[in-house]
Amino acid sequence: MNLSLNVRLQHRLLVTELLDEFTFRSDQGESVADLFHEEAVFETPKGQIKGREAIASHFLSSSQTRAQAGRRSRHATFNVRIREIVSGRLEVSSSLLALAIEPGAAGNSILWGDQQDIVAMSASGSMQFMHRRMTPALTLSTGAQ
């Protein structure tokens with residue numbers, strides 16, 4: 001589909017805001033619920049989670065587990081490619097860099113992965129994830145120090 005420059009720029013801005021907000025909230029332990037459609041699907045090699053509330057609960061639980069163990073994470077998304085697949089729905093491909101910061105001498109880890117998303121405009125005019133698949137491509141560990 002041949003979209004105007006203004007529409008493509010608007011899509012890029014809204015998608016970038018969604019990806020940045022997701023990584024920020026994930027790192028800070030804040031709710032990601034409103035970033036997902038009610039019937040969204042989140043998929044990793046460990047399985048699938050269906051529905052906004054189940055996805056939000058998963059991320060909150062993971063964040064609390066990290067915080068209790070003194071661990072932190074930092075995520076960055078880059079190499080973003082956006083393609084309209086049907087009116088109002090976009091296919092987004094991007095790369096993810098995730099750092100797991102462990103307390104003390106446990107060592108840290110680095111994950112490089114691929115993200116495949118289907119996003120759509122919400123009633124409020126922002127983008128929401130309809131389907132999110134995260135696939136690790138490379139994992140490195142710094143080992144114990």
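## Exposure and the model

A residue here is called buried when its relative accessible area is under 20%, exposed when that value is over 50%, and partly exposed in between. With a relative accessible area of 31%, Glu21 is therefore partly exposed. Please keep in mind as you read that this is a predicted model.

## A salt-bridge network around Arg25

Let's start with the charged side chains. The model has four salt bridges, and one of them joins Glu21 to Arg25, with the closest N and O atoms 2.8 Å apart. Both residues belong to helix α1, which covers residues 5–28, and they sit four residues apart, a separation of about one helical turn.

Which residue does Arg25 meet in a salt bridge at 2.4 Å, N to O? The partner is Asp34. Glu21, Arg25 and Asp34 are thus linked in a network of salt bridges. Their exposure is worth a look too: Arg25 has a relative accessible area of 13% and is buried, while Asp34, at 45%, counts as partly exposed.

## The bridge between Arg83 and Glu91

Another salt bridge connects Arg83 with Glu91, and here the closest N and O atoms are 2.9 Å apart. Arg83 is partly exposed, at a relative accessible area of 37%. Glu91 also counts as partly exposed, with 22% relative accessibility.

## Aromatic pairs and a cluster

Now for the rings. The count of aromatic pairs comes to six. Among them is the pair of Phe22 and Phe59, which is edge-to-face, with 5.2 Å from centre to centre and 85 degrees between the planes. Phe22 lies in helix α1 and Phe59 in helix α2 (residues 52–68), so this contact ties together parts that are 37 residues apart in sequence. Phe22 is buried at 4% relative accessibility, and Phe59 is buried at 17%.

Phe59 also pairs with Phe42: the ring centres are 5.1 Å apart and the planes stand at 70 degrees, so this pair is edge-to-face. Because Phe42 lies in strand β1 (residues 36–44) and Phe59 in helix α2, the pair ties together parts that are 17 residues apart in sequence. Phe42 and Phe59 are both buried. Taken together, Phe22, Phe36, Phe42, Phe59 and Phe129 form one aromatic cluster.

## A charge over a ring

Finally, come back to Phe22 in the viewer. Which residue lies over the face of Phe22? Arg132 does, at 4.5 Å from the ring centre. The ring below this arginine is also a member of the aromatic cluster, alongside Phe36, Phe42, Phe59 and Phe129.

Methods: Residues numbered from 1 in each chain as written. Predicted model: local features only at pLDDT ≥ 70, side-chain atom pairs only at ≥ 80, totals over all residues. Heavy atoms only, no water. Helix = DSSP H or I, 4+ residues; strand = E, 2+ residues; numbered from the N terminus. Buried < 20%, exposed > 50% of the residue type's maximum accessible area, 1.4 Å probe, protein only. Phe/Tyr/Trp six-rings, centres within 6.5 Å; stacked < 30°, edge-to-face > 60°. Lys NZ or Arg CZ within 6 Å of the ring centre and 35° of its normal.
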